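Here is a short tour of a protein fold, written for someone who likes to check the geometry alongside the text. Have the viewer open and follow along.

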Amino acid sequence: MLNLIRLQRGMLCMAATALLFTASCKKDDADNRSDLPKELVLLVIDEESIDNGNPPNNFSETDVNDPLADEEMRDELRFFKENNGKIIELFTGEVGDEGWHAIKTIPSSWQSAGPGSNGAQNYLAGAIEQSLLDKVPDATPLRATALKMLIGKTILAVVYDSDISTNYSPLNANLQGSALGLVVFDIVNVVERTDGSTSSLPRVTITIRSVGDAATAALMLFSNAPVPQSSSEPFDIAPPASVSPAILVAAP
């Protein structure tokens, strides 16, 4: 019975994601809104940034879909769904325990996994087998410089119910485990934290968008996210005065 429920949920997630992210979706009047994002940067976010009880928001369990957490979960987080347009702040973890990661390489196995030929969309549909989510190459933890490079960008993130573990040399991450769902938001500002530990990464100001706002946007990868040398170097906790522009490439 459990497998049947998961199959049904997976089919619903795939259908919903196809509706949101496939170019052949039906157009309506909302598609012509000037405020709709043109591009979405694909990230993954873990419990160091969004979780029930986390400061500075102290989300409830229902706010972040915690009772519904599952490997295939791709519903929009309830708080984000109910607060479109709201400006909030998020913490982003610590050096060596980052809360935000960029997926820079889509494994070919994700493309062949189906239901479609686009691996990133298959991942967003919750359709990738757990065995294919370990040692994901080039999944890059984001520290202060990388976060500042994303100011002005719109993010689409899969939020995990636990910690994302990272290996170095070569760089890869484990994306297995239960997810809380999806969030979409604009990054407004990135500032150094002065109220955390000595290794705390910046606080990020965001404007929440609805997942529906992402219907016609192109899905992109943050290809030049700076690659940390190790779990402790560079000790990049303060956003620099200037950064290189983020280079975004279409997600295959």
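The protein chain carries five helices and 14 strands, and the model shown is a predicted one. Of its 252 residues, 48% count as buried. Among contacts with a separation of 6 or more, 79% involve residues 24 or more positions apart. The accessible surface of the chain is about 11100 Å², and carbon and sulfur atoms hold 50% of that area.

**A strand with two partners**

A good place to begin is strand β13, residues 218-222, where four of the five residues are buried. Strand β1 (residues 39-45) pairs with β13 in the parallel sense over three bridges, with glutamate 39 opposite alanine 218. Strand β14 (residues 248-250) also pairs with β13 over three bridges, but in the antiparallel sense. In that pairing, phenylalanine 222 of β13 stands opposite leucine 248.

**The nonpolar cores**

Which residues touch the most other members of the largest nonpolar core? They are Leu43, Ile50, Phe80, Trp100, Leu142, Phe185 and Phe222, out of 34 residues in this core. Strand β11 (residues 179-191) supplies the largest share, five residues. A second, separate core has 28 residues, including Ile103, Trp110, Val184 and Ala217. As a general background, nonpolar side chains in soluble globular proteins tend to be buried together.

Leucine 43 is worth selecting in your viewer. Leaving aside residues up to four places away in sequence, the contacts of leucine 43 include Trp100, His101 and Ala102, then Leu142 and Leu150, and also the run Ile155, Leu156, Ala157 and Val158.

**Aromatic rings and charges**

The structure holds five aromatic pairs. One of them joins phenylalanine 79 and phenylalanine 80 edge-to-face, with 6.1 Å from centre to centre and 75° between the planes. Are these two rings buried or exposed? Phenylalanine 79 has a relative accessible area of 15% and phenylalanine 80 has 1%, so both fall under the 20% limit and count as buried. Ring pairs also bring in Phe59, giving a cluster of Phe59, Phe79 and Phe80.

Two arginines lie over aromatic faces. Arginine 74 is over tyrosine 123, at 5.1 Å from the ring centre, and arginine 193 is over phenylalanine 91, at 3.5 Å from the ring centre.

**Backbone features to check**

Most residues other than glycine have a negative phi, and most peptide bonds are trans. The table collects the exceptions described here.

| Feature | Value | Loop |
|---|---|---|
| Cis peptide bond, glycine 114 and proline 115 | omega about 10° | proline 115: between α3 (108-112) and α4 (119-124) |
| Cis peptide bond, glutamate 233 and proline 234 | omega about -5° | proline 234: between β13 and β14 |
| Positive phi, lysine 135 | phi about 55° | between α4 and β6 (136-137) |
| Positive phi, serine 169 | phi about 55° | between β9 (165-167) and β10 (172-174) |

How exposed are the two residues with positive phi? Lysine 135 has a relative accessible area of 54%, and serine 169 reaches 69%. Both values are over the 50% limit, so lysine 135 and serine 169 count as exposed. The second cis bond brings us back to the start, as proline 234 sits in the loop that links β13 with β14, the antiparallel pair met earlier.

Conventions. Residues numbered from 1 in each chain as written. Predicted model: local features only at pLDDT ≥ 70, side-chain atom pairs only at ≥ 80, totals over all residues. Heavy atoms only, no water. Buried < 20%, exposed > 50% of the residue type's maximum accessible area, 1.4 Å probe, protein only. Helix = DSSP H or I, 4+ residues; strand = E, 2+ residues; numbered from the N terminus. Pairing = 2+ DSSP bridges. Core = buried A, V, L, I, M, F, W, Y, C linked by side-chain atoms within 4.5 Å. Contact = heavy atoms within 4.5 Å. Areas by Shrake-Rupley, 256 points an atom, 1.4 Å probe, with all protein chains shown as cover. Phe/Tyr/Trp six-rings, centres within 6.5 Å; stacked < 30°, edge-to-face > 60°. Lys NZ or Arg CZ within 6 Å of the ring centre and 35° of its normal.
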